[in-house]
Amino acid sequence: MRAILAAIAIAAALPAAAATLEERLAPCLSCHGEKGQSANQDVPSLGAQQKDYVLVQLYMFREKLRKVELMNEMAKGLTDDDLRAFSEFIAKLPAPLPPADASDAARVARAQEIVGKNRCNSCHTSTFVGQDQIPRIAAQREDYLLRSLREYKSNERRSYDPAMASVVEPLKDEDFVDLAYYLARVK
Amino acid sequence: MKPQSVSARALLRAGTLAAAFAVALPAMAQQPAAPLPKPGTPGAPNQPLYGRPDNEAAIKLAPVPAPPIAASVDKLPVDKLKLPKGFNIEVYASGIPDARSLRLGDKGTVFVGNRLQDKVYAITEKDGKRTVKVIASGLYKPNGVAFHNGTLYIAELSKISKIEGIEDKLDNPPKPTLVYDNLPKDEAHGWKFISIGPDNKLYVPVGQPCNACIPSDAHGQIRRMNLDGSGVEVIARGVRNTVGFDWHPVTKELYFTDNGRDWLSEDLPNDELNRLTKAGQHFGSPYCLQGNIPDSEFGWGRSCSEFVAPVGLMGPHAAALGMRFYNGTMFPAEYRGAILVARHGSWNRSNKFGGDIALVKLNKDGSVKSVEPFITGFLVDNKYIGRPVDVQPMKDGSLLISDDYDGAVYRVTYGNAKTANR
């Protein structure tokens, strides 16, 4: 937490106009991972994320439509152009890699059945790289995926578009556990 | 036959059938006519992509999201829009992300709602200079705005509230106060268009909470109530999702757009333009589509003759949203008494359709004479460069159009009308 606060302090201290985009994004990537892969619990990997999705999230953080205190603080004062530039930069980071462990075939099969029934591949695409405002979820951190699914279900996390709220409505927590396990391991 | 009894009986019949199957065929694993899954289970009809066939072309189709940030004035597509000879279009206001329903106040204020964001905006004009300000925020999907006797009514997803004397309080508006909230909280088709009729009543739709399903008694309808939320009655059923309505200037009959279901096919069904001639009429959804197609799933054992057919067809998956009768005098005579409809444009179609303002001319008896494109050009190479949501005729006869894709409002004039400053 101290590191994060320090990062915010640095971000705030940097005069926006003078700093390069890389310099301004350094505090972000210190948590999210410089190479697109996050090593921190509950902090999502951003590599190869869809730029339109990143833009929407940054906008929602700035407008407090999505409430995560740390991110609301980080996004405060960013201009529309900042949001666009940040999103484009982030989309070009390398895609995250799945964990190297051998995956549990039974859990994968269960998750694939849930994916099929709920047509996750319609918006997130069959390779789960996402499109436009639909996020890449392939090889995202398992803890973050699970947390997001649970928050969609409890309505703690309201997405910009109502689709996810309806999708998760009939799903159970055990489904989320399997989905997160599987999606984190999609290559 | 009363529409209510039709749907009640259908439900009963469906329930009896399902029970019969369950008793008679418990072990027949290959039985194709299995009862529908209960709403709420995976793959059930209330799921957003229910009905999507599993083929490559269909998998590609998904709702087209709008950028959350309004386009800057120089990026707005006004120069690319196509209008009939003699018409002009200009930017009326920009920087209104997610600009949805429009409404005009008595003193000339234009109110703009949000569907995905949380604000209601007011556009004011003083000495030829226009200002955009937020008058309410922190609301939940405040898509609908209505205005009556100085009061602004706001429709959130499941709540109607109001601000009295709003035009005198624009710089320091109070929080909206509750009018009515006995409404379902479903996200799907939960956002609302609202209006106040010539009978001084508030009209509030409740969409079907699904693409295609048998709605509950509280869904798939238009309600009407007193301005304080009392005396609620359901005046139309079989309404899948209406996001625009207005009243005929002479007959005072209610006309409303209704969006047809997804995934039936590329070209069918059409969105509907309906006319209510009697309270309580049933307009077919989900049993009968566009007045003449029994639904592939819910139409079995039903007939389209049980329901009121639309007066006009608005195109396949066109997303016909906001509509108003044009009663002004600035446009040529043929526009008087016609309906202008904002077609947001399709997502559930490989070759997109719509993304325009349609002109619907009526016959003397109130039936539809023609539906034709009026303002086009929002759709370029199968991609949207703007998406019209609502229209609002102004006192001088000009017409405003909201665009939620670019976060702007445009103004259409005819002839050498002097254009105001942007």
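## Two cis prolines and a positive phi

Pro269(B) sits in the loop that links β15 and β16 of chain B. This is a predicted model, and in it the peptide bond leading from Leu268(B) into Pro269(B) is cis, with omega near -5°. Chain B has another cis bond, between Ser285(B) and Pro286(B), where omega is about 5°. Pro286(B) belongs to the loop between β17 (281-282) and β18 (288-289) of chain B.

Asp98(B) is worth a look on a Ramachandran plot: its phi is positive, at about 60°, although the residue is not a glycine. You'll find Asp98(B) in the loop between β1 (87-94) and β2 (102-104) of chain B.

## The sheet around β15 and β16

Back to the strands that flank Pro269(B). β15 and β16 belong to an open sheet of four strands in chain B, ordered β14-β15-β16-β20, and the pairing is antiparallel. Why do β14 and β20 of chain B each have one side without a neighbour in the sheet? β14 (245-247) and β20 (312-316) are at the edges, so each has a single partner strand. On average, neighbouring strands of this sheet are turned by 20° against each other, direction ignored.

Zooming in on one pair, strand β15 (residues 254-258) and strand β16 (residues 270-276) of chain B are antiparallel and share five bridges. If you want a register marker, take Thr257(B), which stands opposite Leu273(B) in β16(B).

## Another four-strand sheet in chain B

Chain B also has an open sheet in the order β6-β7-β8-β9, again built from four strands with antiparallel pairing. Its edge strands are β6 (144-148) and β9 (177-180) of chain B, each pairing on one side only. From one strand to the next, the twist averages 30°.

Strand β8 (residues 159-163) of chain B runs antiparallel to β9(B), and three bridges join the two. For the register here, look at Lys162(B), whose bridge partner in β9(B) is Thr177(B).

## Chain A: helices throughout

Now for the other chain. Chain A has ten helices and zero strands, so listing its elements from the N terminus gives one α after another: α-α-α-α-α-α-α-α-α-α.

What about its overall dimensions? The C-alpha trace of chain A spans about 50 × 35 × 30 Å along its principal axes. A compact globule with 187 residues would have a radius of gyration near 16 Å, and the 17 Å of chain A agrees with that.

## How the helices pack

Take helix α6 (residues 105-118) and helix α10 (residues 173-184) of chain A: their axes are 8 Å apart and the packing angle is about 105°, which means that α6(A) and α10(A) are roughly perpendicular to each other. On the α6(A) side the contact is made by Arg107(A), Val108(A), Arg110(A), Ala111(A), Gln112(A) and Ile114(A), while α10(A) brings in Asp175(A), Asp178(A), Leu179(A), Tyr181(A) and Tyr182(A). By class, that makes six nonpolar, one polar and four charged residues.

α10(A) also packs with helix α8 (residues 142-154) of chain A, where the axes come within 8 Å and cross at roughly 145°. The crossing of α8(A) with α10(A) is right-handed. From α8(A), the contact uses Glu142(A), Leu145(A), Leu146(A), Leu149(A) and Arg150(A); among the residues it uses from α10(A) are Phe176(A), Leu179(A) and Tyr181(A). This contact divides into ten nonpolar, no polar and two charged residues.

Helix α3 (residues 51-62) and helix α5 (residues 80-91) of chain A make another pair, with axes 8 Å apart and an angle of about 135°. That angle makes α3(A) oblique to α5(A), and the crossing is right-handed. Lys51(A), Val54(A), Leu55(A), Leu58(A) and Tyr59(A) of α3(A) meet residues of α5(A) including Leu83(A), Phe86(A), Glu88(A) and Ile90(A). The class count for this contact is eight nonpolar, one polar and three charged residues.

## Where the chains meet

How many residues does each chain put into the contact? Chain B gives 19 residues and chain A gives 25 residues. On the side of chain B that touches chain A, the classes come out as eleven nonpolar, five polar and three charged residues.

Key
Residues numbered from 1 in each chain as written. Chains lettered and ligands numbered in written order. Predicted model: local features only at pLDDT ≥ 70, side-chain atom pairs only at ≥ 80, totals over all residues. Pairing = 2+ DSSP bridges. Axes fitted to C-alpha atoms, helices over the stretch in contact; angles between N-to-C directions. Contact = placed C-beta atoms within 7 Å. Nonpolar A, V, L, I, M, F, W, Y, C, P; charged D, E, K, R; others polar. Parallel < 35°, antiparallel > 145°, perpendicular 65-115°, else oblique. Left-handed = near helix turned anticlockwise from the far one by under 90°. Rg over C-alpha atoms; globule rule 2.2 N^0.38 Å.
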